[in-house]
Amino acid sequence: MTLPFFQYYTHAKADQDEYRSAAWPGLTIRAHERHIRASIANRVNAISSAVYGGGMIELDRIFNIYVDKHYRCDDPPRDITDLLMEWEERTTACAGLLTAVKLAHTSVQEYMGGDAGILCCTTAGVSNAARAGSARTVFDAAGNITKPGGVSGLSYTPGTINIMLWMNGYMTPGAMVNAIQTAVEAKTAALADYGVMDAENGLTATGTTTDAIVLATSQVEEKPLISYAGTATMIGAAIGRLVYDSITESLRAGQLWKERNSKR
């Protein structure tokens, strides 16, 4: 298993709080009490669906922040801003993700190739697993909730899959979008193979209702230009493997934790 911070969080091993990337020299991931901080010295291009720092941005840090399952997500960007200020972090040029997954179950996978190096850092929880394209509970733009049939219901329990992809390579904007597409396909495959179901309809889940992904690229022009990142390309295949393996590993770690604690 590649859970670099497992000992830090479960056995208070303070000297195991840092992971240094081989695929992207200078990229460091550090574990803190309540968050994982991935950082690089210089700002790089990124595309993100993060609740904080989403869209096409330049960034030098990505935060994956733990919240418990009772977290009220009325204003996540405000909450993340407050936390960054508390931690004496700049509130600009960064992306922030929220997760109810134990940070000990953070999976890191890497790929080193001639065209690019890739690091994938994932936390995967599926308490709120959902299937896209099926009738289920939804929210409108104002946050109002509606269950199938138009019956109003209670807010959902947080559960999410957060994926950080750090690509040390040179990509076109289209290839960056293509890489996100490939990562999402791999996520869906991992959930299907793991037997994750949408609790509302019993169908195979394609994700959770609050998944997020960030892709950051170094755009080093000395690397070959990557124009495509679909499943038929070497880069796409590598992205797919990293995402699939990291989601599976994080889910397995969570399952083992539940099994151990259920016996106590």
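This passage walks through a few strands, two loops, a pair of cysteines and one pocket. The model is a predicted one, so everything below describes a computed structure.

A good place to begin is close to the start of the chain, with strand 1 and strand 2. Strand 1 covers residues 18-20 and strand 2 covers residues 28-31, and three bridges hold the two together in an antiparallel pair. Within that pair, Tyr19 sits across from Ile29 of strand 2. Strand 2 also pairs with strand 3, which spans residues 35-48; here there are four bridges, and the direction is again antiparallel. Ala31 faces Ile36 of strand 3 in this pairing. The turn from strand 2 into strand 3 uses three residues, and the two strands make a hairpin.

The loop that links strand 1 to strand 2 holds Pro25. Is this proline buried or exposed? Its relative accessible area comes to 61%, so Pro25 counts as exposed, the cut-off being over 50%. Even so, Pro25 has company: leaving aside residues up to four places away in sequence, Pro25 touches Ile40 and Asn168. Ile40 is 15 residues away from Pro25 along the chain, and their C-alpha atoms are 9.0 Å apart.

Further along comes another hairpin, built from strand 6 and strand 7 with four residues between them. Strand 6 runs over 107-112 and strand 7 over 117-124. Six bridges join these strands, which are antiparallel. Two of the matched pairs can be picked out here: Tyr111 has Ile118 of strand 7 as its bridge partner, and Gln109 is partnered by Cys120 in strand 7. Strand 7 pairs with strand 11 (residues 161-168) as well, in the antiparallel sense and over eight bridges. In that pairing, Thr123 stands opposite Asn162 of strand 11.

How much of strand 7 is covered? Eight of its eight residues are buried. Looking at the two faces makes the picture clearer. One side carries Gly117, Leu119, Cys121 and Thr123, the other carries Ile118, Cys120, Thr122 and Ala124, and all of them are buried.

The loop between strand 6 and strand 7 is home to Asp115. Asp115 has a relative accessibility of 33%, which means that it counts as partly exposed. What does Asp115 touch, once residues up to four places away in sequence are set aside? The contacts are Asn168, Gly169, Lys223, Pro224, Ile226 and Ile235. Asn168, then, turns up in the contacts of Pro25 and also in those of Asp115. Asp115 can also be placed relative to Leu225: the two are 110 residues apart in sequence, yet their C-alpha atoms are 8.1 Å apart.

Strand 7 also brings up the matter of cysteines. A disulfide is a covalent bond between the sulfur atoms of two cysteines. The count of disulfides in this model is zero. Cys120 takes part in none, and the nearest cysteine sulfur to its own belongs to Cys121, 7.4 Å away. Why does Cys121 not form a disulfide with Cys120? The sulfur of Cys121 has its closest cysteine sulfur in Cys120, but 7.4 Å is too far for a bond, because a disulfide needs the two sulfur atoms within 2.5 Å. Both cysteines are tucked away from the surface: Cys120 is buried at a relative accessible area of 0%, and Cys121 is buried as well, at 4%.

Last comes the second largest pocket, with about 450 Å³ of space in it. Its lining is made up of 20 residues, and those nearest the centre are Lys69, Ala124, Gly125, Gly254 and Lys258. Ala124 is a familiar name here, being one of the buried residues of strand 7. Which element supplies the largest share of the lining? Helix 4, residues 234-262, contributes six residues. Sorted by type, the lining has nine nonpolar, eight polar and three charged residues.

Conventions. Residues numbered from 1 in each chain as written. Predicted model: local features only at pLDDT ≥ 70, side-chain atom pairs only at ≥ 80, totals over all residues. Heavy atoms only, no water. 1 Å grid on protein atoms, 1.4 Å probe; cavity = no way out; pocket = protein on both sides within 12 Å on 5 of 7 lines; lining within 4 Å. Points joined across faces, edges and corners; volume = space filled by probe spheres on them. Nonpolar A, V, L, I, M, F, W, Y, C, P; charged D, E, K, R; others polar. Buried < 20%, exposed > 50% of the residue type's maximum accessible area, 1.4 Å probe, protein only. Pairing = 2+ DSSP bridges. Contact = heavy atoms within 4.5 Å.
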